[in-house]
Structures are given as C-alpha cells and as structure tokens.
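Open your viewer and get ready to click along. We will go from the whole chain to single residues, one selection at a time.

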Amino acid sequence: MSKSKARYTVPAGWIVAVSPSLIHFDEEIYENPLKFNPWRWKGKEMIWGSKTFMVFGGGVRLCAGAEFARLQIAMFLHHLFAYYDFSVVQECELIRAPFLHFTKELLIHISPSLPSEP
Ligand code: HEM
C-alpha cells in the first residue's frame with residue numbers, strides 16, 4: 001500500500017499536528033536523511049510551494065522572515081568559520097519526535113581564531 005493510501009486509527013483525545021519539516025527525513029526523497037550533508041538539496045526543487053523543501057512552511061502562511069533568516073544564517077556561518085575556532089565540549093543526543101530537541105545541553109567552546117602566519 002502506498003503511503004498516500006495508508007490508513008491510521010487516531011485514538012480519541014489525541015492531538016493531531018502536521019509537521020511539514022518531516023518531509024526532509026523521507027528516504028524516498030533524500031538518501032540517508034539523518035547524515036550531515038549540506039548538499040542534499042542540490043538539484044531539488046527549492047521554490048516556494050515545493051513539496052520536497054518545507055523549511056519555511058508554504059502557501060499563505062509562508063515564513064515572513066525566510067529571506068532574512070537565510071541571510072542571517074549565511075553571515076553567521078561565514079563569520080564562525082572565518083574568524084573563530086570551535087569544538088564540542090559536551091555531546092548530546094538529538095531527538096526528533098517529530099520536533100527537534102536535545103537530551104541535555106550541547107556545550108560548544110568558541111574562541112577567536114589566531115591570525116595565520118603571513
Ligand atoms: C531558520 C529560521 C526560521 C525558520 C526555520 C522559520 C520557519 C517558519 C515556518 C515553518 C513558518 C510557517 C508556520 C505555519 O505554517 O503556520 C513560519 C512563519 C513565520 N515566520 Fe518564520 N522561520 C524562521 C525565521 C523567521 C524570522 C527571522 C522571522 C522574522 C524576522 C520570521 C517570521 C515569521 C512570521 C511572521 C511567520 C508567520 C507568517 C504568517 O503566518 O503569515 N521567521 N516560519
């Protein structure tokens with residue numbers, strides 16, 4: 001039976017919520033979805049309204065800050081990698097159930113990187 005025809009029984013009293021971001025963990029769309037792979041969206045349809053990329057929601061409720069968030073993330077990552085050294089001090093497990101949360105604090109040590117020799 002295909003996924004679209006799957007039948008589920010929802011027990012009385014349960015809350016049903018839609019989590020669009022779960023599409024990013026569909027193995028039929030993204031190979032090995034839990035592996036860190038920033039290039040996984042290369043070649044995928046990235047336009048608003050895409051059925052395979054829903055980080056910022058879609059339709060009339062599309063995130064109003066999507067472009068601002070993309071710019072901020074790009075600037076943050078650029079500065080982090082260009083000017084700082086960082087290392088994980090305390091690892092922790094990530095839980096997706098279905099929303100992301102941490103089992104304990106993920107501690108990261110960040111310090112300004114030393115200027116490289118000329
Ligand atoms: C990585 C960062 C962000 C992510 C992943 C994100 C994600 C989302 C998602 C999925 C929705 C749709 C919620 C729904 O369907 O009801 C949404 C809505 C919204 N977001 Fe974001 N967002 C981000 C950053 C921001 C920022 C920086 C702003 C403002 C400066 C912002 C403002 C809004 C607003 C106002 C809405 C409601 C839009 C509406 O219902 O008309 N978001 N966001």
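The stops below start with the overall view and then move to the ligand and some individual residues.

**Stop 1: the whole protein**

Before you click anything, keep in mind that this is a predicted model. Show the protein as a cartoon and look for one helix and four strands. Following the chain from its start, you meet them in the order α-β-β-β-β. The radius of gyration is 19 Å, well over the 13 Å that the globule rule gives for 118 residues, so the protein is more spread out than a compact globule. If you draw a box along the principal axes, the C-alpha atoms fill roughly 65 × 35 × 30 Å.

How much of the protein is made up of buried residues? The share is 0% of the 118 residues. A residue needs 20 or more other C-beta atoms within 10 Å to count as buried. As for contacts between residues at least 6 apart in sequence, 30% of them join residues at least 24 apart.

**Stop 2: two domains**

Now colour residues 15–62 in one shade and 65–118 in another. The domain assignment calls these domain 1 (15–62) and domain 2 (65–118). Taken over C-alpha atoms, the centres of domain 1 and domain 2 are separated by 21 Å.

**Stop 3: the ligand**

Next, select the ligand and the residues around it. Which residues should light up around the ligand? They are Val55, Phe56, Gly57, Arg61, Cys63, Ala64, Gly65, Phe68 and Ala69. Sorted by class, this shell holds six nonpolar, two polar and one charged residues.

Keep your domain colours on for this view. Why does the ligand lie between domain 1 and domain 2? Both domains give residues to the shell around the ligand, so it lies between them.

**Stop 4: Cys63**

Stay at the ligand and pick Cys63, one of the residues surrounding it. An unreviewed UniProt entry places the feature "binding site" at Cys63. Along the chain, Cys63 sits in the segment before α1 (66–83).

Is Cys63 exposed, partly exposed or buried? Cys63 is partly exposed, because it has 13 other C-beta atoms within 10 Å. Show its contacts too: setting aside neighbours within four places in sequence, Cys63 touches Phe56 and Gly57. You have met both Phe56 and Gly57 already, in the shell around the ligand.

**Stop 5: Leu62**

Move to Leu62, which is also found in the segment before α1. With 12 other C-beta atoms within 10 Å, Leu62 is exposed. The cut-off for exposed is 12 or fewer, so a count of 12 still falls in that class.

Now look for its contacts. If you leave out neighbours within four places in sequence, Leu62 is in contact with Trp48, Phe56 and Gly57. Try a distance label from Leu62 to Trp48: these residues are 14 apart in sequence, and their C-alpha atoms are 8.2 Å apart in space.

**Stop 6: Asn32**

Select Asn32, in the segment before α1. What is the value of phi here? Phi of Asn32 is near 50 degrees, a positive value in a residue other than glycine. Most residues other than glycine have a negative phi. Asn32 is exposed, with 9 other C-beta atoms within 10 Å.

**Stop 7: two distances to draw**

For the first distance, select Ser19, which lies in the segment before α1. Ser19 is exposed, having 11 other C-beta atoms within 10 Å. Draw a line to Phe99: Ser19 and Phe99 are 80 residues apart along the chain, yet their C-alpha atoms are separated by 7.8 Å.

For the other distance, go to Pro115, in the segment after β4 (107–112). Pro115 counts as exposed because it has 7 C-beta neighbours inside 10 Å. Now draw a line to Trp41: Pro115 and Trp41 are 74 residues apart along the chain, and 34 Å separate their C-alpha atoms.

Conventions. Residues numbered from 1 in each chain as written. Predicted model: local features only at pLDDT ≥ 70, side-chain atom pairs only at ≥ 80, totals over all residues. UniProt positions renumbered as here; feature names shortened; annotations may be inferred. Helix = DSSP H or I, 4+ residues; strand = E, 2+ residues; numbered from the N terminus. Contact = placed C-beta atoms within 7 Å. Domains from an automatic or database assignment. Near = placed C-beta within 6 Å. Nonpolar A, V, L, I, M, F, W, Y, C, P; charged D, E, K, R; others polar. Rg over C-alpha atoms; globule rule 2.2 N^0.38 Å.
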